[in-house]
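Please look over the structure shown here with the briefing beside it. The points are grouped by topic, with each term explained where it comes up.

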Amino acid sequence: MSLNIIVLAKQVPDTRNVGKDAMKEDGTINRAALPAIFNPEDLNALEQALRLKDANPGSTVTLLTMGLPRASEIIREAIFRGADAGIVLTDRALGGADTLATSYSLAQAVKKFGNYDIILGGRQAIDGDTAQVGPQIAEKLGIPQVTYAEEILDLKDGFVTVKRRLENGVETVKAPLPCVVTVNGSAAECRPRNAKRLMKYKRAVSPSEKAKLTPEQQAWIDARPYLNLQEWGAAFVEADPEQIGLPGSPTKVKAIENVVFTAKESRRLDNDDAQIEELVKELITNHTIG
Amino acid sequence: MANFYTDNPDLKLHLSHPLMQKIVELKERNFTEAEKYDYAPLNYEDAIDNYDKVLEIVGDLCGTTIADNAESVDHQGPHVEKGRVIYADGTQTNLEACRKAGLMGMAMPRRFGGLNFPITPYIMAADIVSRADTGFENLWGLQDCAETLYEFGNDDQRERFIPRVCAGETMSMDLTEPDAGSDLQSVMLKATEQPDGTWRLNGVKRFITNGDSDIHLVLARSEDGTKDGRGLSMFIYDKRDGGVDVRRIENKMGIKGSPTCELTYKNAKAELCGSRRLGLIKYVMALMNGARLGIAAQSVGVSEIAYREALAYARERKQFGKAIIEFPAVFEMLSVMKAKLDASRALLYETARYVDMYKVYEDIARERSLTAEERAEMKKYNRLADACTPLVKGLASEYCNQNAYDCIQIHGGSGFMKDYACERVYRDARITSIYEGTTQLQVVAAIRHVTTGTYRQLMDLYAEMEVSEELMPVKEQLLKLMELYSAAVAKVNEAADPQYTDFMARRLVEMAGNIIMTWLLVTDASRYGSASMAKSAKVYGKMAQAEVEKHSDFIANFAPDQVEIYKEA
């Protein structure tokens, strides 16, 4: 059975290697100081998608990402690792979106894409850490969602069986297709870039990148259709201007505070069960733990 | 996320060596394959960009998966179940990742599914893999055997076996036997021809790296009643046919992830590769030369990790109120480690380029006859490769052992504990100066290039090259050392006493190596404008001067008959 698989991915600033200049004085991210990378859990999702493709010959994996035109970088990255194609949803009108507007925009793109069997994405992106976009897309498309997936165990007869990694253990669930599955960082690591695919696809470009090339280079790309990545705008996916970008984002940032935890309050306990129990109770009461 | 290629900017500099252009143009037959293969390069710059980007994949895989698994692989190791090798879990993960990344059969032609890379970028990859996990480099590096299969197998064998290697099946070279180690002429494994033209193998092999591989190249005695190397032929054994079992895996000191097997052949079906009787004298010699270059790369990888582990510790460890790297005794050790590392690498890549040059002509000669000029070039580079291969194998492996020793020394008492990587590095390093020919045998192979003048010619060639102002003093000093070297060679040659020559061989070969490596550091540093290489050129130059003068002095004050003093009883 061949599947049409969509992988949702995001290009994010590498917040795992934060230097001193990572944040501007106003508390917003200094994107210039942080390298843009493939959101790590989206790579876990891509691996699950590629495994489905391996198990179901003839399947296609399409990466869908919303962001700046340069997000085509992660499309190439995904293709080097085994994805078949990619779409960058990019438009000035989409800028400044919160999770609600983002999920609306991506859901519109998925509808435009049409025939799909399963949508995979990372649990959350390391820049926002909301874990909301995947589930919201499922809601907007009116299809089931499975979150915190660690492994897709099986996909057949219109159902997918997924192992979920939860706080206190694992859970195996079955959902009808099509559905959205968001994948945890504890899932299998993504396979590496493949040497031949890299050499074949390294010149793949989006329309906006192609526009910057010489006419000869453009003609060379045109002769090789597989090197053309897609770029979709808000109008193309028939998005309602009121529901996208800033206008479509009810989330308003009031202020950003730089919180530094310090170990000001320390308390010495003796090696004594009663004292420890008392402390645990206190911590539960003030909601520090539990 | 560490990347073992991009965190070492000197590696990329080596890709731009002037000889690379010629190698690439010949290897790519003027880029005619781009019409046929969508991943073939369009021109020289494109090819170099491909090597660079693929090495980045290698560096990524090595800096994450393979390096992360190194410790668990060392602890778990492989084991035998019902005559089959089961790799450590980490090894299996590593192999699968290399397959997925398409890093098997890198140097094989595209028509067999390979990447058609020259030897040089392949050797750079081997250097990087070894830094991540030295034992894993053996398994991955045995793809080298495909080169021998390509060179000496027939078309049918190439088409059947090489695509399998490129798809990720592993190889082994089954040479050593209990009574045939360094002396391979004594190989006894019996090969018997069948009426259908296939052969049956019977006997035992020992110390076979990755002995349960998918495709084996086997050295066996095909000529009944013979006793020397001329009765040996090379065979291909396909594991799918069965008949070879693993009796046991050796319990080794290092490279524990790499299974070293004792094999029993019970009427194992095999096919002849190449012509009868040429097994040892031609094919295994070619196989060994490739393998020696591989071990040199493995050694450079060991030197690299030893240096890095030592440097990190010396910066972090504080004693007497400061980091220990502040103390002259420690920073000298570290600089010398780095100099030995850079010197080994410079000679390794130089040798790889020489190998590339003659092999690419050999390959073109399979398609058309070479012009007289091309034949002369092939001969020249073949001789340089033959001269440099034992030199780099011998010296780089000795240096990596010295670096591993110093790495532990810098860690002090902590280095003696199992808590740091340096103890694994120390154990892994030890084999490099033993297998594929001990250092002593490398000297045997190298000495004729001392006596016939190949090394001196190479030095003269380097002396013609441009040197930056900064490194002129090192050049001046090298010119003086070359005189000392030539005087020592002349003295030994004049004595015309084979025992005396053998006795002095190590010293002469080391002198040649010291001088050639300094030249390479000086010319590389000048060409690439690399500050770190220039520093290594100066540090290594100091060491080379002391070493060459020491040997020169020893030889000058040593009469041939004094060898007798050293004889036992």
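From S6(B), the residues Ile215(B), Leu217(B), Leu219(B) and Arg221(B) point one way, whereas His216(B), Val218(B) and Ala220(B) point the other way, and all are buried, a residue being buried if 20 or more other C-beta atoms, placed from the backbone, lie within 10 Å of its own, exposed if 12 or fewer do, and partly exposed in between. The model is a predicted one, in which local features need pLDDT of at least 70 and side-chain atom pairs count only at pLDDT 80 or more, while totals for chains, interfaces and linings use all residues. Residues are numbered from 1 along each chain as its sequence is written, and chains are lettered from A in the order in which they are written.

**Strand S6 of chain B and its partners**
- Because 7 of the 7 residues of strand S6 (residues 215-221) of chain B are buried, this strand is largely enclosed by the rest of the structure; strands here are DSSP runs of E with at least two residues, and helices are runs of H or I with at least four, numbered from the N terminus.
- In a regular strand, side chains alternate between the two faces of the sheet.
- Strand S3 (residues 171-174) of chain B pairs with S6(B) in the parallel sense over 4 bridges, where pairing requires that DSSP finds at least two bridges between two strands.
- S6(B) also pairs with strand S7 (residues 232-238) of chain B, in the antiparallel sense and over 7 bridges.
- His216(B) stands opposite Ser172(B), and its bridge partner in S7(B) is Tyr237(B).

**The open sheet of chain A**
- An open sheet of mixed pairing is formed by 9 strands of chain A, in the order S9-S8-S7-S10-S6-S1-S4-S5-S11.
- Strand S9 (169-176) and strand S11 (230-232) of chain A stand at the edges with a single partner strand each, so one side of each is left without a neighbour in the sheet.
- Strand S5 (residues 85-89) of chain A pairs with S11(A) in the parallel sense over 3 bridges, and Ile87(A) stands opposite Gln230(A) in S11(A).

**A loop residue of chain B**
- Thr452(B) is placed in the loop between helix H14 (439-451) and helix H15 (454-463) of chain B.
- Thr452(B) is partly exposed, because 13 other C-beta atoms lie within 10 Å.
- Thr452(B) and Leu232(B) are 220 residues apart in sequence and, C-alpha to C-alpha, 30 Å apart in space.
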